[in-house]
Each structure stands twice: as C-alpha cells, then as structure tokens.
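Work through the exercises below with the structure open. Each one sets a task and then gives a solution in steps.

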Amino acid sequence: MGAPAVSRRDMLKVAALAAAAMALPFERTVRAKTASRIASSKIPKPYTLPFTAPPVIDGRAGGTLTITQKMANAQILPGVQTPIFGYNGITPGPTILARRATPLRVVMHNELPATHPQWGYEAWTSCHLHGSASKPQFDGYASDITRPGQTKTYEFPNNQESRTLWYHDHGVHHTAENAYMGLAAMYLMSDELEDRLPIPKGPYDLPMVITDKMFAADGKLMYDDEGHSGLYGDVMLVNGVPWPNLKVAKRKYRFRILNASLSRGLRLQLSNTGLPMTVIATDGGLMPRPQATTQLRVGMAERYEVVIDFTAVPVGTRIQLRNLGVPNSRDFDHTDKVMQFEVTADAFDSANNEVPAELNPQNEIMLLDETRVSGIKTVKLDLHRSNSTWKVNNTTWDDIVASGYQKVVANPQPDEVQIWEITNKSGGWFHPTHIHLVDFKILSRNGRAPYNYELGPKDVAYVGENESVRLITRFAHQTGRYMIHCHNLPHEDHDMMTQFRVGADTPDNDPMTSAPAGPIGSGSGATVIPVANFPTTATATATTPTATAPATTSTTTTTRPATTTTTRRRG
C-alpha cells in the first residue's frame, strides 16, 4: 500500500531480462527425475490409491445454486496438508449436473484471501463456464473480476446440446495461478438425445479430470512457469488423486476426459495396445459417429468422452492409461503414467452397455459445408511470441483494455458462418486455442484432414508447432464481445488473448457493466473497478471489500492496478 504503481509492461520487461534464455523457441522435450522438493517418501507409488469422483450438485431442475471460492487444506499426498483454492473448498470442485433448456443461476462468492499467502497477488476471480453459450457478462470475461469479499451471480442458459463442460477461473493475469491452485470443476449437461442412446450411464459414466502438480518441501504447491512459457509438474492427478487405481467390471465404461493442466499436453494410450478407446463425444458434445483410436492427443481444456470395453479382458488384469507425451513438454519419472484399471469379477448392470453406429448425425456444426455458403468470410489469427510476450495478431489483452474493451479481431453478424485460420508460428510451443461462445468444426491441419477423434464439435483446437488449423463455425446464440485465447494458461495471462464481437454492443450485453460483482450479501452489482492500469467503460470508484483470510495471511487490501509477479519459481 502506498507503493508507486508499476505498469505491467515494465514488469514484463524485467521478467524478460530475468528469463532471456526463454525468449527464443527451442525443443524442450526432456526428462528429469522430479520437479517437487518434497521428500520422495511422501509421494505415493503409482496405482496405490483408489480412484474417486468429485461430489455432485444436481442442478437439472434449474433454480439457483450457491458456490463459495475459498482457501482450504487438501490431502492430495497421503498425510500431507496442501493449501488449495477450491469451489466449496475442494479441488476439483463439485460436478454440476444441468439439463438442456433449463437455465441455472450460480451465485459465486469470492471468500479467498485478499492476498495469496505464498505468491502475493490479489486473488480476484472471474468464473468461466467453458463450453457454454452464455451472455458476455456471464461468460467469465477476464477483466470482469470479482474481488475477495465480493460476489457475482452467473446465469447459464443451458441452451446447447448435451456435452461435458467445465467451470474454471478466468481472472485477468492470474488465471493460471488460480486454476493451478484448484479452481476447476466439471459441469455436465444432458438432453433427450443422450437419454435415448444406450451408451454407458450412471456408475459407468465417470469424470477424469487430469492435472499435473509439483510440491514444495512443506507440501504446498510450487509454481514455476519458466518465464511464462509453461508449467510442468511431476505428479499426475486424476480427480485430485495421484495415479489412482479404478476397479472395473467386465463391461463398457464411459470416461469424460478433461485435460485441466496448465501447460501439459497429453497423448493417451492404454498399456494393452490392442484395446482401443472409442471416442463418442468431443468438446461440444456427441459426435455424428463414434471413432476408434489407440492414441488420443488431448491439449489443455480439450474434452473427449471415450468408451473402453473391458468385456473380454481377463479378471485380475491391470491395464494402465499411459501418457506418451507431446513435443516440447518437460517430462519426469512418472509423468508417463496417468491411472490404472483393474478388472474384477464384480456383478454389473448390463443396461446401457452399447456404442451405436450413429450418435448425433444431425449436429448442426458438423453439417456446415464451406462450399454451400456464399460469400463466406475468412478470419486469420496469428499466434506468436514477441519481446517475451505472447500475442494474437500482434495484439495483447492490455491492448484490448487500452481500447476501452472495444478492439476486436472479428465482427461476425448473428448466425453468420465464417472460416477461421489459426496459425502457430511458435516452433517451440503448441497452442490449444479456445474460442468462447461457439462450437466449431475442424476442416484441416496444414491442408490435411483432422484426426478421426476430432470429427466432432469442438471449442478448443490443438494448434501444433508451426501448424495452421482451419475451422468453420456459426456465430449463434448470443451477441456481444467474447474472448479468444491460448489455453496454455501462462500464455493466456502473458498475454495471448484477444476478443471478437458478434453483432453490436448493447447495454444488455456489455461484459464489464451489465452485471458487475458486488459485496457479498448485497444482492446487486457494484461500481466497476479498473484493472491492468486502464479505466473501464464505466466510471470507476476504487473500493475493495475486506476479505476474511486465514491466520497466516495478511488481510490488508489494496486498490492499486494489477501488476505481474516476476518470480519464476515460487514454493
């Protein structure tokens, strides 16, 4: 408090000098023993802990749910207490069940400490329901922050087809830290078409939230994004459990795979290589037809629903889900392992134990055909790194803020069909690119067909090193401004994020002024507070409520603009 404000760009220059070796792309596929500093005896051996699923909140009848973002201790490693940020104090947070055409309101309280006790930043948040066609003011717009001691009510329309969504933090410049601390969870939306299909359901339909972490000597999480390049942990978690073991019956199971890591791409394969994974759904829901594969590449934020059939596997067999890795990752002794399946002779329900030849052949996005759309426009996005900053079309989010949140890379009209070409010129990194609001169909990669498991509606495109991905989409559901960004979250925060506008801005769809956060218990919005050294489009009054923090955390509040921490390894 009282310290002179330092611009975020100045801080980045300092960071660039400290991390000059990271300024140029290079091949970083290396294997080291460990990243964690905690005693190796504290880290469990792979496949010794049982698989668990997060608790469920049933919102299928609609109405209003209340969720609190809070700091708590979690036992991720046996016998070790690790401070986390969690929705309702757990990570992953509770899985929310929703129903198509049944809107849901979620009241999100920020009861996080005013200052992160380890890393020193103000723990503001912005909740993004990833995969939802929400209005801009309820989409988790990065600069639409909820400060500690504030609350915001989100309205989720649930107006799309059944799918695996997830909600996670999107607070400007601290998305990576907040998500790494644990602010991530699944949100599953069902509909009548899914109900009718005989695919695995109930206890045979399981979430698989995959993350990687590293631990300090005292059990706290360590954060090292290698000069905003990427964070790679050495402990692989599934639903918050290190390398779990799941006992399965001799039948088909459906797994909803989410790569919730900050930077680690996955290439999954079963140790029994003759056993395929049948992909039945992608980010945007059911595929037209199932696709069998023995390897599945999953970038950060991508979701794939796969069916594994254990019918013919002998009882007692143990099958591991392995991670073969992707280029330019930092691998460790056990990051090639994810979890294990142990086949049992347990009795099981034989209903919903099929994968039909057709799933959703009439999916509107997958029926889009560029040859049948007259005057179709092509938008080009260039992903690159310049002066130690990640950019889209040579633009950063600071540039968006400087424009009063008006600068856009595209302005499609409602229901317009466009082709977007995303090119990655960063030879040492891949960029899983997320386009908010819409589902899209991948047309090609460097002129070649997409992988068969990508033949479903997507909202994240894995854009590989020196690769160009071409996609087609329709801008439906809502109007207003939405973000586009890399889902390597250190890249997003520094600063590979921009925006587009559908149709025109109106008072009812402004993400900064239509539904701002207010004090907990106020029941209404409050004056917008500026971030990132630039004013908002509304008159701002710098008033930050005081949050209740743990005893070890200072409760001092500050209203100075956002800055960026230059420390590369924090533990």
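The exercises go from the whole chain to single residues, a pocket and the backbone; the model is predicted.

**Exercise 1. The chain as a whole**

Task: State how many helices and strands the chain has, and what share of its residues is buried.

Solution.
- Step 1. The secondary structure consists of five helices and 35 strands.
- Step 2. Of the 571 residues in the chain, 62% are buried.
- Step 3. The accessible surface is about 19900 Å², and carbon and sulfur atoms account for 50% of that area.
- Step 4. Among contacts with a separation of 6 or more, 79% are between residues 24 or more positions apart.

**Exercise 2. Two loop residues**

Task: Decide whether Ser132 is buried or exposed, do the same for Ile38, and list what each one touches beyond four places in sequence.

Solution.
- Step 1. Ser132 sits in the loop that runs between strand E7 (127–130) and strand E8 (150–156).
- Step 2. Buried means under 20% relative accessible area. Ser132 has 4% relative accessibility, so Ser132 is buried.
- Step 3. The side chains of Ser132 and Ser134 form a polar contact at 2.7 Å. Beyond four places in sequence, Ser132 is in contact with Asp139, Pro157, Gln160, Leu165 and Leu437.
- Step 4. Ile38 belongs to the loop between strand E1 (30–31) and strand E2 (56–58). Its relative accessibility is 8%, so Ile38 is buried.
- Step 5. Beyond four places in sequence, the contacts of Ile38 include Ile43, Leu77, Val80 and Phe215. Gly219 is another of these contacts; its C-alpha lies 6.5 Å from that of Ile38, with the two positions 181 residues apart in sequence terms.

**Exercise 3. The largest pocket**

Task: Describe the volume of the largest pocket and the make-up of its lining.

Solution.
- Step 1. The volume of the largest pocket is about 400 Å³.
- Step 2. Its lining has 20 residues, and those nearest the centre are Arg60, Leu97, Leu188, Asp205 and Arg256.
- Step 3. Sorted by class, the lining holds nine nonpolar, three polar and eight charged residues.
- Step 4. At least two lining residues each come from strand E5 (95–99), strand E10 (184–190), helix H3 (192–196), strand E11 (205–213) and strand E16 (252–259). E5 contributes the most, four residues.

**Exercise 4. Backbone exceptions**

Task: Say which peptide bond at Pro92 is cis, where the cis bond at Asp495 lies, and what the phi values of His228 and Asp415 are.

Solution.
- Step 1. Most peptide bonds are trans, and most residues other than glycine have a negative phi.
- Step 2. The bond from Thr91 to Pro92 is cis, with omega near -10°. Pro92 is in the loop between strand E4 (82–87) and E5.
- Step 3. His494 and Asp495 are also joined by a cis peptide bond, with omega about 20°. Asp495 is in the loop between helix H5 (489–493) and strand E33 (497–502).
- Step 4. His228 has a positive phi, near 65°, and lies in the loop between strand E12 (223–224) and strand E13 (235–238). Its relative accessible area is 7%, so His228 is buried.
- Step 5. Asp415 also has a positive phi, about 70°. The loop that holds Asp415 runs between helix H4 (397–402) and strand E27 (417–424). With a relative accessible area of 47%, Asp415 is partly exposed.

Technical notes: Residues numbered from 1 in each chain as written. Predicted model: local features only at pLDDT ≥ 70, side-chain atom pairs only at ≥ 80, totals over all residues. Heavy atoms only, no water. Buried < 20%, exposed > 50% of the residue type's maximum accessible area, 1.4 Å probe, protein only. Contact = heavy atoms within 4.5 Å. Areas by Shrake-Rupley, 256 points an atom, 1.4 Å probe, with all protein chains shown as cover. Polar contact = N/O pair within 3.5 Å; in protein donor to acceptor, adjacent residues only side chain to side chain. 1 Å grid on protein atoms, 1.4 Å probe; cavity = no way out; pocket = protein on both sides within 12 Å on 5 of 7 lines; lining within 4 Å. Points joined across faces, edges and corners; volume = space filled by probe spheres on them. Nonpolar A, V, L, I, M, F, W, Y, C, P; charged D, E, K, R; others polar.
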